[in-house]
Each structure stands twice: as structure tokens, then as C-alpha cells.
Amino acid sequence: MFTLAEVASLNDIQPTYRILKPWWDVFMDYLAVVMLMVAIFAGTMQLTKDQVVCLPVLQSTVNSKAQPGVSGKADFTTVETTTGQGEDMSMRTVSFGSAPTVTTDVPLSRSASSQSQPTESGQELKKELKDSLGRKTNLDFQQYVFINQMCYHLALPWYSKYFPYLVLIHTIILIVSSNFWFKYPKTCSKIEHFVSILGKCFESPWTTKALSETACEDSEENKQRLTGAQSLPKYVSTSSDEGSPSANTPMITKSGFKFSADKPMIEVPSVTILDKKDGEQAKALFEKVRKFRAHVEDSDLIYKLYVGQTIIKTVKFIFILCYTANFVNTISFEHICNPKVEHLIGYTQFECTHNMAYMLKKLLISYISLICVYGFICLYTLFWLFRIPLKEYSFEKVREESSFSDIPDVKNDFAFLLHMVDQYDQLYSKRFGVFLSEVSENKLREISLNHEWTFEKLRQHVSRNAQDKQELHLFMMSGVPDAVFDLTDLDVLKLELIPEAKIPAKISQMTNLQELHLCHCPAKVEQTAFSFLRDHLRCLHVKFTDVAEIPTWVYLLKNLRELYLIGNLNSENNKMIGLESLRELRHLKILYVKSNLTKIPPNITDVAPHLTKLVILNDGTKLVVLNSLKKMTNVAELELQNCELERIPHAIFSLSNLQELDLKSNSIRTIEEIISFQHLKRLTCLKLWHNKIVNIPSSITHVKNLESLYLSNNKLESLPAAVFSLQKLRCLDVSYNSIALIPAEIGLLQNLQHFYITGNKVDTLPKQLFKCVKLRTLCLGQNCITSIPDKVGQLLQLTHLELKGNCLEYLPATLGQCQLLRKSGLVVEDHLFDTLPSKVKEMLNQDTSIPFANGI
């Protein structure tokens, strides 16, 4: 037989799971243990003491009241035997085969003998009865043992023999059904993770700190409510200056119940000091809770399994109660046995007693009582399961008791587990809800961030940019450290990949700040901070993926001078531009847009009269509609790069104030429209580089004020003489074409200072080139030039000479006459430099300490 310790292990669930066992599960576990003890006790008693004792029933000669009882083919017949004194006793007669069983009322003190005895006289009979009180039988001990064994199996009801084992089996099934959801692989893993995370959340120092600060905040808010304060909190600016956003401005989203990240938190004294280790553990818990929620909330397997096992227990209870109630009366102390072994024993009927009948009946009644209690609890569990929607869980009470108004409601298995935890202790859910709140997570990140990034550490990351301004670049942080706003001498602040960036009122201390970069960083600002930025910010760079990431307060910076927008401005669904109105940017001068536009956004025309420079860099998307350019009458610089333009847009010819035009990286093949540039009296710089231009029309002579002409990376094969009629030309770039000859007319460009013809097919240099005595930059690299004329020495202002990649054998010694040329400005192979005279080398090496490497 099983020991109690061995069987009890079936109900041994890990102690950590106790928080998921409501009172009814615990109570049913105890009932199962009691039923288990009943089964073990009954089984032990049955194995050690269970037996029947049988005596033969003697046939009586006195049978005046005998009544035949025909049983037909029935195996069992129950009769009543009445004693001579009138006492009734219930008996159970067992017969086998088709032999009829005859039951008679026989006085217990007088039994009839089964053998025929000769009739005696009355006196002898009286004498015999007087001498003995019973009848002798002709059975020995072995025959009694044999009959006892046979009648135990034949006469005793089956339920009396197997009752303990049935109880044991039923109890084990109930125990398994109660704890199956803890063992099933697809649920136990989720339960294990949940219990682990829940315990860590409950014991985390951050939970205590967050709830303590919440209590302090609530008390402060209660004081304000009690005093009847109707105005805004003191830390929120109520400035009503011109240009400040109104209540319905999209800059700050306001809600009566939802916590806004724009609203600064009330400073309260810390109840506990959160060290770095605790902060890291808390951040890890936030990540675990987020991933666990995503993993569990999408299914309801745990709920269904728990409901299923409860239904199984209920059905089991009904089944046990139904069949047990039918067999409770079959357990009896006395039984009649007809073993059909008359040829061995000599008797046909025996009367047996079952010595464990009384004990088994009491145990069975106790078991039925326990099962009834167990069943009522199962019914209550089902009522609880279906009475309320357990697949939905609301943290409404937690939100009311704390400032964490953003704790989301959960569903499915996540909600069911929290409902089960509430049956154990609701404090678990309250402390767990802290780790579902983004506000709480932001508080933790802010504390950890401020601990890590102190003023001294941030000062070490400040650098000088190309404009000699102090710059700080913050990348991939959880927020903006408070110490940043103590760097009062900072000129440029770059915030990149900081999704929870918040600009507080302390930014007003940074009086030197004029340039701000927001790279994938939809920063939120407080009212006071916005007022400062509106008045002081001059340059703003915004890089985004979707136009919705552009902070709405950007459109209200009335003193902004430069705005750089980099991101997707063209919706794929409706082809509508997502920019909001820019008309509030009254002082905007430079607008830089790098996107995928098909037309110039109408919003840009809101600031068209003020713009002096417009830059549009497309990603290869064809820019079709350009009529709105006509409204930009004050634009002096216009760049339309990578817009798949095939011709020069006619709208450009209306820009009378245009000074510089850049059409880089398009698909322009012909520039016949260049004659229309004669109306642009102020146009001085024309950049048509990286296109597919084959020739330059002679009408270019009409653009008389042109000073810079860039035609590099095209398909030019020659330079027409018309180009050299532009007397004001100071810069000519025709690099990386297929030009084989430099015309002699180049000598007419007396004002030419920069000439680039690198990457062509030039083999000789005309002497007229060196009449351009104002040349400062001459790039002749990657051609087929075999020699450099000595007249190169006439270029007295030459500071940069590129000769690398040609077929030169030596350099002329007259390079020494170029007084401004230095070795750093001479791009040539090493062996050619060595051909120069030593005096020329010394002259070129003056004022340079950089070792010569590859002529650069």
C-alpha cells in the first residue's frame, strides 16, 4: 500500500504558485488530502482485517411457516428470517445456476439438520435440547477456511471490496484535475514567467519609490482641490504672448484623465534612493513585462484550460455522487452464501458476517459528505468563472489611487492571471501595474538618466563644429538629461533617436542656443520652453520618417530663420502632402527639404514671399508641378537636385531676384532654354552638373552676368567659343566629360580664377590658357597631357595645381615663379616632383611641415 508521504506528493505544487490558487482551490486541495487519507485508511484496514466468517445453515424439521421463494435464474435473493421471539433480521442469499432457493422462517435457537434423522420420542428430544445449546456440524477447520474464502468473493458485494481503491482513484483524478494547468507545457511556462516577474515587481525598490512619489503627488493635488484652486499648476506657464499656442493648438495634447508627457512632474523628496543596480533591474523588469504582455495577451489558453479542468471536476463529482448513493446500502454486516460446493462440504447454504461492514459504511458516508462539499465548491468556481468577464482586467482602481493614469487595461490570459492573483492579494496587481505604466517607466528612465549623465560628463562631450560653435550631440538616449540645460554657453544642440525627449522650462537658461537638431526625435516642450524657443531659436533641423513626427510647435516659431526638413512628405495612399501651415514662420529665410516630392507643397508657398533660399533634394522621384515657384519672387538661391527634370523649368524664368540656380543630378539633355536666363539680370551662378547635357548652345552668351558655370559630369565633347564670351566668368567647371581640346579663346576670360577640366581627353594645353593670370585653381588631372608649358610660371596667383594622372615626364622649373603655390597645393606623382630643381623644391616646401604623400 502507498504511504501517506508518497501519495501526498501528487498534490505538491511549487510554493511560488500559491499566489495563483484562490481560496476554493486551496480548500479543494485540503478536501482532496482528507479523501486521500480516507482511501488510505480504508485500504489499510481492508488489507489487514477484512474477512468474512461463515457458518452452514442447517435444514430444520420444524418448518411450519416455510414459504418457497422462487428466484428463477437470479443470482441473488434477499429474504427475511424471523426468530421465534419475533426479532427481524435482514439476510442476503446468494444462489448460483438455476437451482431455486427456498427461504424459511427458522427460529435461531432451533436449526433443522440437513441429514434425515429418525423420529425420537418427545422425552429423548427434550433431553437432547437440554444437554446442548447448538448443533454440531461435520466440518473441520480447513473447510471453514475454504468456505470463508469462497464466500468473500461470491457473497460480498463488489463495492464493499473495492471501495477504498475507487476512492483512491477518484481522489488522484481530482488532484490531477486541480493542478493540471500548472503542469501542462503550454501553460506552465507562461505561469512560471508570470509568477517570476510578479514576485520581482512586488519586491522591486522602484515600485515602492514610484508609489511613494504618487502618494506625495496625490496629497499635493488634494490640497489644491481642497483650496478650490481652478488655475493651472504653478509649474505650467500661462503666458499669453503673441504667437503662443492656444488650448486647441496641436503642440501639447491635453486630457482630463490621461497623463501627458508634456506636463512636468511635481518634485517631491525621494522616499528611497534608487542606486544604479536597482535602476538597471527596474528597467529590465519593464522590458520583461512588455514582452510578456505581448506574448500572453494574444491568447486565452490558460483561461480555457482552467475552465475545462473545473468542468471535469464538476462532472466527476456528479458521477461519484450518483453511483455511490446507489451502493451505500449494499454494504451490510450479514450475507447469505450459496457456494454450490455441496459435494465438497455437504451444506448448500451458509450465513456469513462481514466484520468491516460497519467501518466501511461510516467511511463511505464521510467520503460522500466530502464529495458533496467538493462539488458545491466546484459549482461556485464555475459561477465565478462565468459571472464576470475574466478575460478583461481593468486597472481603474489603481489609476484612481495613483497618478499613473496611463496603465492600460489588459485582456485574455494576462487578464485572467491578474484576476487569480487578486483572489490571493490585490496588492500584487497594484504593484504590478506600476510596470505597465509608461509614465512610471519614463520616471525611472529620467532618474537613471540624470544619475548617469551629470554636468561634468556632458561637458566632456561638448565639441567645436566647423563654424567654431560649441555643439553637443546626444544619441539614442531614453530622454534628455536635466544637466544639459545647465550648459548655458552651448550654441548647437543635437538630439538624435530620443523618442521620449522633453524640453523643460530650464532651456531658458541657454541664452546662446540658436540651433537645434531633432533627428527622429519628436520632442515635446513645455509652455515656458516654447516661449523661449520661439524668441531665440534661429536654425532648426528636423529629420523624420513620417510627417507626423514633426513636432507641431515647429510651425509656430515666428523668429526662425532656417528650417531643414528631411523625411517622407509624400503619402503613398492619397498623394497628399502632410505638412501643416508655415505661414507663422514670418522670418524664415532658408528652407531645405529633402524628401520624395511630386510637387512643391502648397504650404511652402505660405512663406514664399519671405524665402531667400529654397533647396529641394528628391530621392529620384520626378518633380512635376513647379508652377508655385513663380510666387517665390524673393528667392535668391534655388536648388532642385535629383528631381528627374528633363528640361529647365520655365517657372524659374520668373524669379527676377534669382542669383544662383543648382539643377544637379537630374536628367537634363538639352539647355536650349538657357536663352531665357537673359531676363534674370542677377543670375551669377549656374550649376548644371551631373546631368546628360551633350552640347552648350551659343545662346549662353546672353547670360552676361554669369560668374560661375558648373557643367561637370555631363556628356560634353567640346567647348563652344560662346562660353568664352562671358567676360565676368570667374569659375568654369567642365570636369569628367569627353572634351579633347581646350579652345584658344579661353584666353579671353581675363577674370577666370578657377578652371576645372579633370577627367577629360585633353592632350595639349594652349598657350592662351596662361594669359588668364588671375587663375588660382587649375585642375588638369586624369587627362592625356604630355607636357606643361613653361608659361605656367606666369600664373603668379596660382595656389592649387592638379596634374596627377597624365603622361608627364617632368615638371617645368618655372613652377618656382608661382610664388603662392606650395607643395600641399601641387597634386602630382612623387617621381615628377623629384624632377624639379632643389631650389624650386625648397620654395614649394616653405611654410609646410606635412610630409608629402602621393602629391596631396
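Is Cys539 buried or exposed? Cys539 is buried, because its relative accessible area is 8%, and a residue counts as buried under 20%. This is a predicted model, and the same kind of reasoning helps with other cysteines in it. Take Cys378. Its relative accessibility is 0%, so Cys378 counts as buried.

## The whole protein

Start with the overall numbers. The protein has 856 residues, and 48% of them count as buried. It contains 19 helices and 28 strands. About 42,800 Å² of the protein is exposed. Carbon and sulfur atoms supply 54% of that area.

Contacts tell us about the fold too. Take the contacts with a separation of 6 or more. Residues 24 or more positions apart account for 58% of them.

## Spans from the UniProt record

The unreviewed UniProt entry places the feature "transmembrane region" at residues 27-47, 162-182 and 364-386. What does the model show over residues 27-47? The chain there is 100% helix and 0% strand. The end C-alpha atoms of this span are 30 Å apart. Residues 162-182 are also described by the model: this span is 100% helix and 0% strand. Its end C-alpha atoms lie 31 Å apart.

## A sheet of three strands

Now look at one sheet. It is open, has 3 strands, and follows the order E1-E7-E6. The pairing is antiparallel. Strand E1 (52-56) and strand E6 (334-337) stand at the edges. Each has a single partner strand, so one side of each is left without a neighbour in the sheet. Neighbouring strands are turned by 25 degrees against each other on average, direction ignored.

What holds strands together in general? Strands of a sheet pair through backbone hydrogen bonds, either parallel or antiparallel.

Look at E6 and E7 in detail. Strand E7 covers residues 350-354, and 4 bridges join E6 to E7. Cys337 has Phe350 in E7 as its bridge partner. Ile336 has Glu351 in E7 as its bridge partner.

A helix joins the picture. Helix H4 (residues 141-154) packs on the sheet and touches E1, E6 and E7. The direction of H4 makes about 115 degrees with that of E1.

Side chains come next. In a regular strand the side chains alternate between the two faces of the sheet. In E6, Glu334 and Ile336 point one way. His335 and Cys337 point the other way. All four of these residues are buried.

## Two disulfides

A disulfide is a covalent bond between the sulfur atoms of two cysteines. How many disulfides does a search of the whole structure find? It finds 2. The table gives their geometry.

| Disulfide | S to S distance | Angle about the S-S bond | Hand |
|---|---|---|---|
| Cys54 and Cys352 | 2.0 Å | 110 degrees | right-handed |
| Cys151 and Cys337 | 2.2 Å | -90 degrees | left-handed |

Take the link of Cys54 and Cys352, which is right-handed. Why does this pair tie together distant parts of the sequence? Cys54 lies in strand E1 and Cys352 in strand E7, so the pair ties together parts that are 298 residues apart in sequence. Cys54 and Cys352 are both buried.

Now take the link of Cys151 and Cys337, which is left-handed. Cys151 lies in helix H4 and Cys337 in strand E6, so this pair ties together parts that are 186 residues apart in sequence. Cys151 and Cys337 are both buried.

Count the bonded cysteines along the chain, and the disulfides follow the pattern 1-4, 2-3.

## Two loop residues with positive phi

Finally, turn to two loops. Asn713 lies in the loop between strand E23 (708-710) and strand E24 (731-733). Its phi is near 60 degrees, a positive value in a residue other than glycine. Is Asn713 buried or partly exposed? Asn713 counts as partly exposed, because its relative accessibility is 30%.

Gln782 sits in the loop between strand E26 (777-779) and strand E27 (800-802). Gln782 has a positive phi of about 55 degrees, although it is not a glycine. With 42% relative accessibility, Gln782 counts as partly exposed.

How values were computed
Residues are numbered from 1 along each chain as its sequence is written. This is a predicted model: local features need pLDDT of at least 70, side-chain atom pairs count only at pLDDT 80 or more; totals for chains, interfaces and linings use all residues. Side-chain values use heavy atoms; hydrogens and water are left out. Two strands pair if DSSP finds at least two bridges between them. Helices (H or I, at least four residues) and strands (E, at least two) are DSSP runs, numbered from the N terminus. Axes are lines fitted to C-alpha atoms, for helices over the stretch in contact, and angles run from 0 to 180 degrees between N-to-C directions. Contact means heavy atoms within 4.5 Å. UniProt positions are given in the numbering used here, feature names are shortened, and annotations may be inferred rather than shown by experiment. Buried means under 20% relative accessible area, exposed over 50%, partly exposed in between (1.4 Å probe, protein chains only). Accessible areas come from the Shrake-Rupley method with a 1.4 Å probe; for residues, only the protein chains shown count as cover. A disulfide is a pair of cysteine sulfur atoms within 2.5 Å.
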